[in-house]
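Thank you for letting me take a few minutes of the meeting. I would like to go through one protein with you, step by step, and I will pause now and then to ask a question before I answer it.

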Amino acid sequence: MMNERVMVSRKGEEGATAAVSSTASIGESIADSVRVPSPSSMDIDGHQGQAGQRPLGSSVRKRSIGLRLLPWLAGALFLTLWQLRLFHQLFSLESYQLPVPSAIAASIRENAEMLFRYAMYSGTEMLGGFLLGSLLGALAAAGASFFPTSGRAAVAVMSALNAVPIVALAPIMNNWFGDGIWSRIAVVAVITMAAMAVSLFKGLTSIQPQYSDLMGGLAASRMQFFLKLRWPHALPSLFAGLKINMSTSIIGAIVGEFFIASQGLGYLLSDQIRLANMPLAWSCIVIAAVLGIVLYEAVVLAEKRLTPWNRAHTDP
């Protein structure tokens with residue numbers, strides 16, 4: 001009996017010892033699974049991650065700089081080939097037909113005061129017609145958006161104004177408003193009004209149905225629907241119309257000055273072509289192009305500032 005009791009007690013002790021050892025091994029495995037990395041290993045991993053990100057960031061930065069410099073390099077190459085008379089040889093042109101850039105630059109320096117005065121006159125016509133036409137087109141599109149069915153027909157009729165040639169429109173406006181600055185402003189306003197109305201009306205009416213249902217569920221009035229949903233949604237379309245108008249307004253102002261005008265870049269251009277003074281005529285073209293580019297970039301900058309949520313930009 002004593003031997004049996006001793007054997008039973010020994011087996012119990014051995015079982016308890018095995019249970020304790022198994023519990024300890026399970027605890028060690030759990031501790032290993034949740035063990036936090038040491039600070040040294042985290043620092044090493046962090047340094048490795050930063051080292052991997054640096055080459056990627058530098059390559060993206062270099063690519064962005066290269067894309068920004070590419071237009072300037074292309075322009076410099078174009079002017080160099082022009083200066084070397086490559087285009088004269090390709091198209092069999094003489095120097096009096098196509099002056100080289102150095103001759104145009106010299107003409108701009110010699111006539112800087114006159115060119116500046118005429119550029120301000122043409123710029124006033126362009127900006128005045130641009131603002132007036134864009135405002136009238138925006139008001140027409142906003143009014144048409146409250147009545148989409150009939151408004152769409154009105155905008156379609158207004159878009160027919162774009163089919164009227166500028167050379168036919170300019171004499172009519174000269175007949176209506178005289179030979180002053182208002183006739184060219186009217187020409188620019190007519191050709192910009194239709195483009196703004198079409199572009200903005202599309203932005204005001206292309207609302208997703210779920211947004212319209214949400215505003216209807218909130219019992220929003222027509223004006224609230226316009227101010228809270230339609231207008232913010234249409235801002236990219238508004239700036240698209242402004243960029244189109246800025247590009248075409250300089251054309252309307254210059255062509256309008258070809259007819260009855262006593263100053264302006266268009267008047268000076270047509271006058272110098274008749275006199276065969278091509279360097280000065282090309283100077284008018286260069287000044288008009290620079291003026292249009294600067295004002296176009298001003299619209300692009302305003303778009304980036306006022307619509308930061310719109311990612312449909314062309315910047316790299």
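**Confidence and overall layout**

What you see is a predicted model, and the average pLDDT of the protein is 79, with 78% of the residues scoring at least 70. Which helix has the lowest mean pLDDT, and which the highest? The lowest mean among the elements, 44, belongs to helix α1, residues 2-33, while the highest, 94, belongs to helix α4, residues 101-110. Please keep the beginning of the chain in mind, since the pLDDT stays below 50 over residues 1-45, and this stretch has one contact in the model beyond its near neighbours in sequence.

Turning to the layout, the protein has 12 helices and zero strands. Of its 316 residues, 32% count as buried, and the accessible surface comes to about 19900 Å², with 67% of that area belonging to carbon and sulfur atoms. If we take the contacts between residues at least 6 apart in sequence, 72% of them join residues that are at least 24 apart.

**The nonpolar cores**

Let us now look inside. The largest nonpolar core has 35 residues, and the members that touch the most other members are Leu200, Leu242 and Leu265. Which helices each supply at least two residues of this core? They are α5 (112-145), α8 (181-205), α10 (222-257), α11 (265-274) and α12 (278-306), and α10 gives the largest share, with 10 residues.

To see what one of these residues meets, consider Leu265, and leave aside anything up to four places away in sequence: Leu265 touches Leu115, Tyr118, Ala119, Ser122, Ile254, Glu257, Cys284, Ile287 and Ala288. Apart from this core lies another one, made of nine residues, including Ile166, Leu169, Ala170 and Ala186.

Ala186 brings us to Met173, because the two are 13 residues apart in sequence and 6.6 Å apart in space, C-alpha to C-alpha. Met173 lies in helix α7, residues 166-177, and since buried means under 20% relative accessible area, Met173 counts as buried at 6%. With residues up to four places away in sequence left out, Met173 touches Gly178, Ser183, Ala186, Val187 and Val190.

**The salt bridges**

How many salt bridges does the count come to? The count comes to three, and I will take them one at a time.

In one of them, the side chains of Glu125 and Arg184 meet at 3.1 Å, N to O. Glu125 lies in helix α5 and Arg184 in helix α8, so this pair ties together parts that are 59 residues apart in sequence. Are these two residues buried or exposed? Both Glu125 and Arg184 are buried, and for Glu125 the relative accessible area is 0%. Not counting residues up to four places away in sequence, Glu125 touches Ile181, Arg184, Ile185, Val188, Ala253 and Glu257. The C-alpha atoms of Glu125 and Ala189, which are 64 residues apart along the chain, are separated by 9.7 Å.

Another salt bridge joins the side chains of Glu303 and Lys243, again with 3.1 Å from N to O. Here Glu303 belongs to helix α12 and Lys243 to helix α10, so the pair ties together parts that are 60 residues apart in sequence, and both Glu303 and Lys243 are buried.

The remaining salt bridge is between the side chains of Arg274 and Asp271, at 3.5 Å, N to O. Arg274 and Asp271 are three residues apart in helix α11, and therefore about one helical turn separates them. Arg274 is exposed, with a relative accessible area of 62%.

**A nonpolar patch on the surface**

Finally, let us move to the outside. Which residues form a nonpolar patch on the surface? They are Ile65, Leu69, Trp72 and Leu73, which together have about 490 Å² of accessible area. Leu73 lies in helix α2, residues 39-83, and as exposed means over 50% relative accessible area, Leu73 counts as exposed at 57%.

To close, I would ask you to take away two points: the largest nonpolar core has 35 residues, and the pLDDT is below 50 over residues 1-45.

Note on methods. Residues are numbered from 1 along each chain as its sequence is written. This is a predicted model: local features need pLDDT of at least 70, side-chain atom pairs count only at pLDDT 80 or more; totals for chains, interfaces and linings use all residues. Side-chain values use heavy atoms; hydrogens and water are left out. Patches are made of residues with over 30% relative accessible area and no salt bridge: like charges are joined within 9 Å, nonpolar side chains (Val, Leu, Ile, Met, Phe, Trp, Tyr) within 5 Å. Accessible areas come from the Shrake-Rupley method with a 1.4 Å probe; for residues, only the protein chains shown count as cover. A salt bridge is a side-chain nitrogen of Lys or Arg within 4 Å of a carboxyl oxygen of Asp or Glu. Helices (H or I, at least four residues) and strands (E, at least two) are DSSP runs, numbered from the N terminus. Buried means under 20% relative accessible area, exposed over 50%, partly exposed in between (1.4 Å probe, protein chains only). A nonpolar core is a set of buried Ala, Val, Leu, Ile, Met, Phe, Trp, Tyr and Cys residues joined through side-chain atoms within 4.5 Å. Contact means heavy atoms within 4.5 Å. pLDDT is the predictor's confidence in each residue, from 0 to 100.
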